[in-house]
Amino acid sequence: MPDSNPVAPAETIQPEVLISHAIEAARRAYAPYSNFRVGAALLDDQGHIHYGCNVENAAYGPTNCAERTALFRAIADGNAPKSFKAMAVVGDTPGPISPCGICRQVISELCAPDMPVILANTAGTYAVTNIAELLPGAFQLEP
Ligand code: THU
């Protein structure tokens with residue numbers, strides 16, 4: 001289930017609104033090993049927002065980043081790949097957070113190349129980009 005009632009027509013959401021949801025999502029992080037909380041807020045085509053947070057593990061490798069948590073959750077809730085309208089990601093970083101390589105590959109699989117990806121920090125500094133810029137030449141099975 002999404003975390004919100006529809007917030008607005010999906011095309012009109014302000015970056016600051018999606019960032020504030022990502023900050024709320026970060027509060028749910030399970031990060032006892034790094035103490036680095038990350039939140040993601042994924043806007044679907046019905047105007048609903050899906051929250052993701054990082055979920056760590058004592059074996060480290062099973063750790064799931066906030067971006068993947070939001071995307072996997074939204075897919076499991078029935079949203080179609082590449083139907084999403086925007087994603088915001090927030091971490092306590094000096095500038096906008098930079099998604100890891102695994103998350104970039106997953107975003108490239110499940111989001112349109114030009115979908116706005118809003119990278120932010122908890123102070124509200126943000127940059128708007130997309131996965132075509134974040135991962136040029138992403139691996140895909142079909143050319
Ligand atoms: N992390 C994310 O959730 N997203 C990112 O974009 C970067 C890193 C998490 C993984 C781990 O739980 C913690 O941040 C430190 O790497």
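I call a residue buried under 20% relative accessible area, exposed over 50%, and partly exposed in between. I am working from a predicted model.

**Entry 1: the tyrosine pair**

I looked for aromatic pairs and the count came to one. It is made by Tyr33 and Tyr60, with 6.0 Å centre to centre and 55° between the planes, so I put it down as tilted, given that edge-to-face needs over 60 degrees. Which parts of the chain does the pair link? Tyr33 sits in the loop between helix H1 (15–26) and strand E1 (38–43), while Tyr60 sits in the loop between strand E2 (49–53) and H2, 27 residues apart.

Then I checked how each ring residue is covered. Tyr33 comes out at 42% relative accessibility, so I list Tyr33 as partly exposed. Tyr60 is at 58%, which makes Tyr60 exposed.

**Entry 2: positive phi**

Most residues other than glycine have a negative phi, so I noted the exceptions I came across. Tyr60 turned up again: its phi is positive, about 65°, although it is not a glycine. Asn35 also has a positive phi, about 55°, and is no glycine either. I find Asn35 in the loop between H1 and E1, and at 65% relative accessibility Asn35 is exposed. Gly78, just after H2, takes a positive phi of about 105°.

While at Asn35 I also took a distance to Asp45. The two are 10 residues apart in sequence, and C-alpha to C-alpha they are 33 Å apart in space.

**Entry 3: around the ligand**

Next I listed what surrounds the ligand. Among the residues are Ser34, Phe36 and Val38, then Asn54 and Glu56, then Thr63, Cys65, Ala66 and Glu67, and also Ser98, Pro99 and Cys100.

Which side chains put an N or O atom by a ligand oxygen? I found Glu56, with a side-chain N or O atom 2.5 Å from an oxygen atom of the ligand, and Glu67, where the corresponding distance is 2.6 Å. Ala66 uses its backbone instead: an N or O atom there lies 2.9 Å from a ligand oxygen. Taken alone the ligand exposes 370 Å², and the protein buries 79% of that.

**Entry 4: the cysteines**

Cys100 is on my ligand list, so I went on to ask about disulfides. The count is zero. Why is Cys100 not bonded to Cys103? The closest cysteine sulfur to that of Cys100 is the one in Cys103, at 3.8 Å, which is too far for a bond because a disulfide needs the sulfurs within 2.5 Å. Cys103 is in no disulfide, and its nearest cysteine sulfur, that of Cys65, is 3.8 Å away.

As for cover, Cys100 has a relative accessible area of 30% and is partly exposed. Cys103 has 0% and is buried.

**Entry 5: helices H2 and H3**

Cys103 took me to helix H3 (residues 101–110). Its buried residues are Cys103, Arg104, Val106, Ile107, Ser108 and Leu110. What covers them? My list includes helix H2 (66–76), strand E3 (86–91) and helix H4 (131–134). An α-helix has 3.6 residues a turn, so residues three or four places apart point the same way. I kept that in mind when reading the H3 set: Cys103, Val106, Ile107 and Leu110 are among the buried ones.

In H2 I find Ala66, Glu67, Arg68, Thr69, Ala70, Leu71 and Ala74 buried. The cover there includes E1, E2, E3 and H3. Ala66 and Glu67 are also on the ligand list.

**Entry 6: Asn79**

Last I looked up Asn79, in the loop between H2 and E3. Buried or exposed? Asn79 has a relative accessible area of 13%, so I enter it as buried. Its side chain reaches the backbone oxygen of Ala74 at 2.9 Å, and Ala74 is one of the buried residues of H2. Leaving aside neighbours within four places in sequence, I list Asp44, His50, Ala74 and Phe84 as the contacts of Asn79.

Key: Residues are numbered from 1 along each chain as its sequence is written. This is a predicted model: local features need pLDDT of at least 70, side-chain atom pairs count only at pLDDT 80 or more; totals for chains, interfaces and linings use all residues. Side-chain values use heavy atoms; hydrogens and water are left out. Buried means under 20% relative accessible area, exposed over 50%, partly exposed in between (1.4 Å probe, protein chains only). Helices (H or I, at least four residues) and strands (E, at least two) are DSSP runs, numbered from the N terminus. Contact means heavy atoms within 4.5 Å. Rings of Phe, Tyr and Trp (its six-membered ring) pair if their centres lie within 6.5 Å; planes under 30 degrees apart count as stacked, over 60 as edge-to-face and the rest as tilted. A residue is near a molecule or strand if one of its heavy atoms lies within 4 Å of it. A polar contact is a pair of N or O atoms within 3.5 Å; within protein, one must be able to donate a hydrogen and the other to accept it, and residues adjacent in sequence count only if both atoms are side-chain atoms. Accessible areas come from the Shrake-Rupley method with a 1.4 Å probe; for residues, only the protein chains shown count as cover.
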